[in-house]
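Here are a few short exercises to work through with the model open beside you. Try each task before you read its solution.

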Amino acid sequence: MPLLPPIHPSLSFTRTFTSTARIFAKSTKQRLAAEHADVPPYPYGPSQFYKQSNFGLYGLQKIRYGNIVSEKNEIKTRRHWRPNVQRKRLYSPSLGKQIKLRVTTKVLRSIDKAGGLDEYLLGEKTRRLKELGMGGWKLRWRIMQTDAVKERFRAQREKLGLPPKEEVYLDESGFGITKEEIMEQVRKYDEAMARDSEVIVGEEAEEAKESEILKEDFMREEQPQERQPVL
């Protein structure tokens, strides 16, 4: 009778406890599929050359390659230039809070020129839609679900003399869904946004400011009191 190789303990039973963090997605494709499952499909697709740009506002920027040429012997040495990416908190008037984003300095200038984050995301030109990328497209979809943006579009149609547009909700496959399902998708998106950045606005900001003042007073060094001479 042939001897069987010993079975590894990990194959003989299932561990009920592990200290290893669960991997949400092993590739960029899986992560995009999970994060954009409830969002209408992006017409230009994800970036295949600079995959990091799918999770921020990069404005079509990617890694550039070139040469360093010496002055004496004209020897060429290969090098590359990365986009100037910053982590910024940008305020969205329609959402009423700040959003933490990875954004390039080029897009920051475009946002300033457009008049704010919402104006930049709601641009209708083809060039602007290409600049948004997957991350900007998802954020654009979120602010278009707010009442402020819906009222803005309704006023524009009324000004142009067009009849009110009936709201039709479609999923990523083009099938009709209910308004309750859309609100559930919006709630999931807001929860994911809250996990990425902690935003304090309104009355909570004033309370946080007061607590910081109290902490400063608590850490302030007390001045020694002058002793009065005893007569």
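Contact here means heavy atoms within 4.5 Å. The model is predicted, so to speak with its own thresholds: local features need pLDDT of at least 70, side-chain atom pairs count only at pLDDT 80 or more, and totals for chains, interfaces and linings use all residues. Residues are numbered from 1 along each chain as its sequence is written, and side-chain values use heavy atoms, with hydrogens and water left out.

**Exercise 1.** Place Thr 146 in the fold and find what Thr 146 touches.

*Solution.* Start with the elements: helices (H or I, at least four residues) and strands (E, at least two) are DSSP runs, numbered from the N terminus. Thr 146 sits in the loop joining α5 (126-143) and α6 (147-159). Next, leave out residues up to four places away in sequence; Thr 146 then touches Ser 94 and Leu 95. Finally, compare the separations: Leu 95 is 51 residues from Thr 146 in sequence, with 7.1 Å between their C-alpha atoms.

**Exercise 2.** Is Thr 146 buried or exposed?

*Solution.* Take the cut-offs: buried is under 20% relative accessible area, exposed over 50%, partly exposed in between (1.4 Å probe, protein chains only). Thr 146 counts as buried because its relative accessibility is 9%. Across the chain, 24% of the 231 residues count as buried.

**Exercise 3.** Work out the element order of the chain.

*Solution.* Count to get 8 helices and 4 strands. Then read from the N terminus: α-α-β-β-β-β-α-α-α-α-α-α.
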